[in-house]
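Me: Pick one part of this structure and take a close look at it with me. Then follow the packing outward and finish with the loops, please.

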Amino acid sequence: MKTAIIRQKFLDFFGKNDHKVEKSAPLIPQDDPTLLFISAGMAPFKPYFLGLKTDLSRAASCQKCFRTTDIENVGYTARHHTFFEMLGNFSFGDYFKKEAIALAWEFITRELGLPTDKLYVSVHHSDDEAWNIWHNDMNVPADRIVKLGDKDNFWTIGVGPSGPCSEIYIDQGEEIGCKSPDCAPGCDCARFLEFWNLVFTQYDRAEDGSLTPLERKNIDTGMGLERLASIMQGKKDNFENDVFSGIVKKAEDITGHRFTDGGKTRTALKVVSDHVRALSFALSDGALPGNEGRGYVLRKILRRASRFGFSYLGQDKPFLHKIVPTVAEIMADYPEVKENADHVIRIVKNEEERFLQTLKTGSEMLSEYIEQLRAEKTEILSGEKAFLLHDTYGFPLDLTREICQEQNFRVDEKGFDVELEKQRERGRANVVSAFVNFQSINPGNYPQTEFTGYDCMQGSGEVLDVIEEGEETIIVVDKTPFYAEAGGQIGDNGTISSGSARFAVKTTEKTEGVYLHIGKWQTAEKFKKGDKVDLAVDFATRKATMRNHTATHLLHKALQQVLGDHVKQAGSYVNPERLRFDFTHFESISPDDLEKIENLVNEKILESLEVSKNEMSYDDAVKTGAMALFGEKYGDRVRVVTVGDYSRELCGGTHLNNSAEIGLFAITSEASIAAGVRRIEAVSGSCSLEIMHQLKKNERELARLFDCEQKGLVHKAEKILAENKELRKELDKLRKSQAHGKIDQIKATARQISDVSVILSRADGLSVDELKELCDELIGNANGKTLALLATGGDKAGFVIKISKDLVQKGLHAGKIIKEVAKVAGGGGGGRPDMATAGGKDVEKIDEALVQAEKLIAQALSA
């Protein structure tokens, strides 16, 4: 049975059993900062489990999931994946154990036809209720029901909702088991494969570990689709099922290696296939590679796949991006992957191109370190060397760790952390954090806040709570006109008052639908829980923010018109002073195109287009042509913001009523922020005027400094630059003349070591490029058997070495020599056998480095 059929059967089955079938949420969590990615089927339903939403009592989904905990295991096992699909059915205070067990059993035995004599179940050792349901109601023989402990069959997140669980296993046969007579579900061998977990959330766990029965019990089940597909298709390895086999085949065709080759080749093909699939989905949902958070995770798995391709599949050029179209074709039930395939391809290719050079250099360095460890009979790579790879060559610690593990070495990660902290201390600025920790707030204690701020900026409400958090205070009310930060728009500021008590709202945030008004008291008098209060949003700040938000929609459309339909929003931020818009595009925008984009936006402003906001079903909104933004999760009802007949987007932010209210729009900058992602910053309204006034002021000041009229500024600047260029040429000639004037002085330092003329000299004040020229002349004018190593000092040390060809043929290697020399000055480097360069941090150690160089050269020549 094909994976797509299994997926649809599951959803159809639970749909017929009164479950609302929900589309998969994007991998990027919405309004849940505690998660990097959606990693379980229940995650999008968290508000229902917490009782914050009550419009749904039972649901089913096939959820896209991304887990980061076992990345290092992917490729080495039959089951580990970074991206996977999770089938799940859920009950929010509706049915419980008996119905959940009955539904699961009916689906796997009747709908899928799995043989009952191969099925086993486990229950928590204390859960007699579940045991009896399986045995008495489902007729599962007692010898196929196993009681296990907390480790295997009790679900908990610590304090809070928890409960026993029941897992369903299939017996894959004695031939792949451990052959122990005690082998049963729960054994570490591969014989009994768990494929469905039913969690019965029935307790509230206290800090002391005590369990109190919940009044409202829930069901949360999860079944990995890839694992189930392998069972249905008779495959013992997920990478052989119908979804993965096509991706693996594409990787085989590109690399020329075969999955059946086994060993490292098989592992590498698994890693590549899994990671490219995961990247295709994550990037399609709007995530981007970066150096922090989820961006770092994506960069990590991309580099891991590239490294396995480089090391074991012979791929020294970008190749991962070529697999993306195959993923899009095979995973056709997720149209977002195909729709964004070009975007994903460009990002993956650009990232891999950047990494491969790092990989080549870093791998060579690490190989040399490992050879040293073998020679020294040591098992641990020092933290200092691991950090040098990371800091100087950009070689990630996790790759260093994995490569070392493959060759039975370990990394001193504590030593690495010490070096990293030293670097942070050197570069750490005196930054005072304004962050306030609001994690102590439990949104489940309050009803969802009613937002009234679309239509007005003033209102009244009842105080539900006043929470003091250090120097900050949080006010929770039942309804508010204050917009809470979301969708890239900052939260509102303003005031809350009651009688003589006055509270200044600095910003507004929300968690699980509960709005938090964060700020400080302005009066000694304070209101309290239950008081009626008046709320007033700061009009000028909100209005300026709305100008920038509506301008962002116009900018988005203008970018698509000028650059192409491939442009998609990848992030945005709007506040009263400016707007920031991130979008997918793969080259810098020309000044002419930037001007076209700016003019288009201003044209639409001058056309005084009406801005309408309408609520409708998601399907109806899409039919009208409204843009659904990258990676966003939408409910059944959505808000559509339309600007004339020009722009139409799904958006929950606040907007103007007419485009003319924007006033004026000006782009202030355009730059790259990641592979395939650009950023435009712009201003509107009075901020645009301020920029214009500043530009005029600057123009007047430049005219005064250049002693010319304003209209002649460009001509005068060109003239000065031309004169400056000529002066630089003269200066370069003078420097080269001075450098060559030192040639005889440097030659005089030559000494004979084993019949080789060795020149070791300092040439302070010269650049590394100038040292190269001197070395070329010194070796070029010699009749062989010559070695020149020159050093220069300034802000940091620089070294250049060149060796005559006859010495290279005898085995001398310039790159290896200079690397060891540079270490003395706290640096590193390398290069070709005949020519190499290096740098060092400690200028004071240059002379010591040259002494070490003489010893190394003498040893090399005597070998």
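Reply: First, the word "buried": a residue is buried under 20% relative accessible area, exposed over 50%, and partly exposed in between, using a 1.4 Å probe and protein chains only. Keep in mind that this is a predicted model, where local features need pLDDT of at least 70, side-chain atom pairs count only at pLDDT 80 or more, and totals for chains, interfaces and linings use all residues. Residues are numbered from 1 along each chain as its sequence is written, and side-chain values use heavy atoms, with hydrogens and water left out.

Let's zoom in on helix 3, residues 97–111. (Helices are DSSP runs of H or I with at least four residues, strands are runs of E with at least two, and both are numbered from the N terminus.) Its end C-alpha atoms are 20 Å apart, which agrees with the 21 Å that 15 residues should span at 1.5 Å a residue; the expected span is 1.5 Å times one less than the number of residues. Just after the helix, glycine 113 takes a positive phi of about 75°.

What's tucked away in helix 3? Its buried residues are Lys97, Ala100, Ile101, Leu103, Ala104, Trp105, Phe107, Ile108 and Thr109. They have plenty of company, packing against helix 1 (3–16) and helix 4 (128–137), plus strand 4 (119–124), strand 7 (160–171), strand 8 (192–205) and strand 9 (211–224). Contact here means heavy atoms within 4.5 Å.

Follow Ile108 from there and you land in the largest nonpolar core, 89 residues in all. Such a core is a set of buried Ala, Val, Leu, Ile, Met, Phe, Trp, Tyr and Cys residues joined through side-chain atoms within 4.5 Å. Ile108 is among the members that touch the most others, along with Phe66, Leu114, Trp134, Phe195 and Trp196. Helix 8 (residues 263–284) contributes the most to this core, with ten residues. Trp134 leads back to helix 3: setting aside residues up to four places away in sequence, it touches Ile101 and Trp105, as well as Val121, Val123, Asn139, Val140, Ile145, Ser166, Ile168 and Leu198. A second core, separate from this one, has 44 residues, including Met457, Ala501, Val505 and Phe581.

Back to helix 8, which is also home to serine 273. Serine 273 counts as buried because its relative accessible area is 0%. Beyond its neighbours within four places in sequence, it is in contact with Phe244, Ile247, Val248 and Ala251. Histidine 740 is another matter: serine 273 lies 57 Å from it, C-alpha to C-alpha, across 467 residues of sequence.

Now for the loops. Lysine 179, between strand 7 and strand 8, has a positive phi near 70° despite not being glycine. Its relative accessible area is 59%, so it is exposed. Serine 608, in the loop between helix 17 (591–606) and strand 22 (611–617), also isn't glycine and has a positive phi near 50°; at 39% relative accessibility, it is partly exposed.

Last stop is glycine 530, in the loop between strand 18 (514–521) and strand 19 (532–537). Glycine 530 is partly exposed at 37%. Outside its neighbours within four places in sequence, it is in contact with Glu462 and Val463. Valine 477 is 53 residues away from glycine 530 in sequence, yet 9.2 Å from it in space, C-alpha to C-alpha.
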